[in-house]
Amino acid sequence: MDSITIENLRLTCIIGCYPEERVKPQTLSLTLTLFCDTRRAAASDQLADAIDYDALSQKIRAMAAQKQRQLLEVLAEDIASLCLRESDAQAVTVQLRKPGVPAEAAAAVVTITRTQNSASTGGTR
């Protein structure tokens, strides 16, 4: 299976369990891999036959900023659900990086992989 990866997309959102994390937006880094068949797009050279990863990125950024969440796991599930719903991807791997948490580490990282068959039924909460 082919894949398209978007590396280090910056997301600005309010996320965290502690009161000080819920005051102002934080910047997270998202690396997203969409597993799909790229042959039709490769043959036609037309955006209509491809996953429009720019448009998908904008939807992800808007969704992340729209609602506060406490856990990276929730945002990762929401992103995976959006990607599977809004694109022709058969599977998606979402990696979210929250810098400086815990304080002694470079970042906390959550990575999930979802397929069309295993996607969460909850979607965006």
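This report walks through the sheet, helices, core and salt bridges of a predicted model.

## The sheet

Start with the strands. Four of them, in the order β1-β2-β3-β4, make an open sheet. Their pairing is antiparallel. Two strands stand at the edges: β1, residues 2–13, and β4, residues 107–115. Each has a single partner strand, so one side of each has no neighbour in the sheet. From one strand to the next, the twist averages 15°.

Now look at one pair. Strand β2 covers residues 26–36 and runs antiparallel to β1. The two are joined by 10 bridges. Follow T5 across to β2 and you reach its bridge partner, T33.

## Helices across the sheet

Helix α2 spans residues 53–66. It lies across β1 and β2, at about 35° to β1. Helix α3 spans residues 72–86. It lies across β1, β2, β3 and β4, and runs at about 145° to β3. Strand β3 itself is residues 91–99.

Does the length of α3 fit its residue count, and what should its 15 residues span? At 1.5 Å a residue, the expected span is 21 Å. The end C-alpha atoms of α3 are 21 Å apart, which agrees.

## A mostly covered helix

Helix α3 is mostly covered, with 12 of its 15 residues buried. Among them are L72, V74, L75, I79 and L82. The buried set also includes E77, D78 and S81. What do the buried residues of α3 pack against? They pack against β1, β2, α2, β3 and β4.

## The nonpolar core

In soluble globular proteins, nonpolar side chains tend to be buried together. In this model, the largest nonpolar core has 30 residues. Those with the most contacts inside it are L11, L32, L75, I79, V94 and L96. Six elements, β1, β2, α2, α3, β3 and β4, each supply at least two residues of this core. Helix α3 gives the most, with 8 residues.

Take L32 as an example. Leaving out residues up to four places away in sequence, L32 touches I4, T5, I6, I60, I79, C83, V92, T93 and V94. One of these, I79, is among the buried residues of α3.

## Salt bridges

The model has 7 salt bridges. One joins the side chains of E21 and K98, at 2.6 Å from N to O. E21 lies in the loop between β1 and β2, and K98 lies in strand β3, so this pair ties together parts that are 77 residues apart in sequence. Are E21 and K98 buried or exposed? Both are buried.

Another salt bridge links R69 and D78, at 2.9 Å from N to O. Both of these residues are buried too. D78 is one of the buried residues of α3. Elsewhere, the side chains of D49 and R40 meet at 3.4 Å, N to O. D49 is partly exposed, with a relative accessible area of 25%. R40 is exposed, because its relative accessible area is 52% and the cut-off for exposed is over 50%. Finally, salt bridges that share partners join K59, R85 and E86 into one network.

Key: Residues are numbered from 1 along each chain as its sequence is written. This is a predicted model: local features need pLDDT of at least 70, side-chain atom pairs count only at pLDDT 80 or more; totals for chains, interfaces and linings use all residues. Side-chain values use heavy atoms; hydrogens and water are left out. Two strands pair if DSSP finds at least two bridges between them. Helices (H or I, at least four residues) and strands (E, at least two) are DSSP runs, numbered from the N terminus. Axes are lines fitted to C-alpha atoms, for helices over the stretch in contact, and angles run from 0 to 180 degrees between N-to-C directions. Contact means heavy atoms within 4.5 Å. The expected span of a helix is 1.5 Å times one less than its number of residues. Buried means under 20% relative accessible area, exposed over 50%, partly exposed in between (1.4 Å probe, protein chains only). A nonpolar core is a set of buried Ala, Val, Leu, Ile, Met, Phe, Trp, Tyr and Cys residues joined through side-chain atoms within 4.5 Å. A salt bridge is a side-chain nitrogen of Lys or Arg within 4 Å of a carboxyl oxygen of Asp or Glu.
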